[in-house]
Amino acid sequence: MQAYGLGLPQVFIQGVGNSSRPFDNKTLGVFVQDSWKVNNRLAVNYGVRYDIEWTPTFTPATALNAAAEPKLGVLEGIPVDGNNVQPRIGFAWDPTGSGKTVIRGGYGIFYDHPLLAVAFNSTTAEGALSSQLIAGGATPTALFNPAALNAATLFQGVLGGIPSGGTCGPGVPASFGYLCNQQRFNPLLPNSFFTNQNFITSGLPLPILPFTLPVARNFVYGSAQQTNLTVERELAKDWKLSVAYNYIHGVHLNRPRNINAPIPALLVNNANKAVLAGLDRSGTNPILVQVPSGTIGSCVNTAGGGSILLNAPSILGTGFSVPSCNPAGVIGLIGTPAVFNFFRPSGPNPSFATAVGGGNFNAGYAQLVALATAAGFPQGFGVPVPWSDVVQQESSGNSLYHGMTVTLTKRFSQHAQLFMSYTLSHSIDDSVVS
């Protein structure tokens, strides 16, 4: 709350673009069942149900999405799950034939209906027609540059300079559509810098790429195996005792997982080498490491008493713990995390490629991959991935429930009833719905 009051939020998230992509969800369910009275003491019910839904899927809006989604094993929408056969069986048995004791039991498989919000989110946050932007907290700056897209600068409405005369100051491209008086970007600006991956070819890098909420290509519907066994006994006239056991095992439950998270070990190792080389990181946040600019092959002495040999200015350099790049103090390669997408498995940030390649995106991206390879950073999957976090919805969750219920019932006249019940249960799961 104090950070909010000071205008220093820890994170800034906003959607930009048109997420209107209507869809249908057609369903079909069929079942058969039968009852069999084996004798006067045993009855059996059995059946089977089949459900299918023609859930929506969406065509990727850009060539980059179309290439990246299969490499990550994700898609937009919900794949059709067509093998949801659900058998059920139950019985009631009077073991003594006296009518005072009955044992009931049953088993069945039941499939869940996937939340349609999963399909909606996968296309609302697909990073092209509709982008979900995220900016981390940092010190506000009044000078426009891509790194100024931090939460404090945006929240305070000072992107590009202190507002004057109703404008946001010089230097902010019109394609950004920044509304300083509203402290946000124009969410419906046609041909926005943030939609259709315009930032990829603009030559103006976006340090933190949009995040996405896709669905795993092997996504299937959650299901539960349910079993119950109940023993009921008449204790005296109008008194009944019931003891019931219930077991439920859920599988393929929906849960989100970030499959493109930064690799912490690389972030920390890179930051440690930056400290040894004397780089001023403006704090202790490993994502703020910045290799100096300059001429390729030149040596830059740092404020902390070390030095950096510029293998690729502003991108990658060899650190030294002593001035003048003396080989006796060599530390190793240090990268600017933003350029390498904060060391995510998907490889370098492709929005830097156009600038690195002198206007040639393909050449620039190949150069970034080569630098990542030389430094031991992730090289990606062979195609540019225009996203930061890829929080896929997958069906990998499980749950387990055991419960025993004891119930005592007394029937009175005048339609009254005494009912007492106690349940002892245990449940565990590893899933949350998002």
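This passage walks through the helices, salt bridges, surface patch and unusual backbone angles of a predicted model. Residues are numbered from 1 along each chain as its sequence is written, and side-chain values use heavy atoms, with hydrogens and water left out. Because the model is predicted, local features need pLDDT of at least 70 and side-chain atom pairs count only at pLDDT 80 or more, while totals for chains, interfaces and linings use all residues.

A good place to begin is helix α6, which covers residues 264-276. Helices (H or I, at least four residues) and strands (E, at least two) are DSSP runs, numbered from the N terminus. The expected span of a helix is 1.5 Å times one less than its number of residues. For the 13 residues of α6 this gives 18 Å, and the end C-alpha atoms are indeed 18 Å apart, so the two values agree. Buried residues of α6 are L267, N270, A271, K273 and A274. They fall within an arc of 160° when seen down the axis of α6, and therefore line one face of the helix. Here the arc is that of the directions from the helix axis to the C-beta atoms, and buried means under 20% relative accessible area, exposed over 50%, and partly exposed in between (1.4 Å probe, protein chains only). An α-helix has 3.6 residues a turn, so residues three or four places apart point the same way. The buried residues of α6 pack against β17 (330-335), with contact taken as heavy atoms within 4.5 Å. On the face turned away from this buried side, α6 carries the exposed residues P264, A265 and L276. Just after α6 comes G278, with a positive phi of about 80°.

Helix α2 (residues 63-72) can be read in a similar manner. Its buried residues are L64, N65, A68, E69 and L72. These residues cover an arc of only 115° around the axis, which puts them on the same side of α2. Among the elements that cover the buried residues of α2 are β5 and α5 (198-201). α2 is followed by G73, whose phi is positive, near 75°. In helix α3 (residues 116-124), the buried residues are V118, A119, S122, T123 and T124. The cover over the buried residues of α3 includes β4 (57-58), β5 (74-77), β8 (130-136), β11 (215-216), β13 (239-258) and β18 (391-411).

Attention now turns to charged pairs. Side chains of opposite charge can pair when their charged atoms come close. The structure holds seven salt bridges, each defined as a side-chain nitrogen of Lys or Arg within 4 Å of a carboxyl oxygen of Asp or Glu. One of them joins E76 and R21, whose closest N and O atoms are 3.3 Å apart. This pair links distant parts of the chain, since E76 sits in strand β5 and R21 in the loop between β1 (11-17) and β2 (26-39), 55 residues apart. E76 is buried, with a relative accessible area of 2%.

A further salt bridge forms between E232 and R104, with 3.7 Å between the closest N and O atoms. This pair also links distant parts of the chain: E232 is in strand β12 (residues 223-236) and R104 in strand β7 (residues 101-111), 128 residues apart. E232 is buried at 18% relative accessible area, whereas R104 is partly exposed at 38%.

E394 and R257 make another salt bridge, their closest N and O atoms being 2.9 Å apart. Because E394 lies in strand β18 and R257 in strand β13, the pair ties together parts that are 137 residues apart in sequence. E394 is buried, with a relative accessible area of 7%, while R257 is partly exposed, with 42%.

At the surface, W36, V38, Y46, I89 and Y107 make a nonpolar patch of about 470 Å². Patches are made of residues with over 30% relative accessible area and no salt bridge; like charges are joined within 9 Å, and nonpolar side chains (Val, Leu, Ile, Met, Phe, Trp, Tyr) within 5 Å. Accessible areas come from the Shrake-Rupley method with a 1.4 Å probe, and for residues only the protein chains shown count as cover. I89 belongs to strand β6 (residues 84-93) and is partly exposed, with a relative accessible area of 47%.

Finally, positive phi values also appear in residues other than glycine. H252 has a phi near 55°; H252 is located in strand β13 and counts as partly exposed at 39% relative accessibility. S324 has a phi near 65°, is placed in the loop between β16 (316-320) and β17, and is exposed, with a relative accessible area of 55%.
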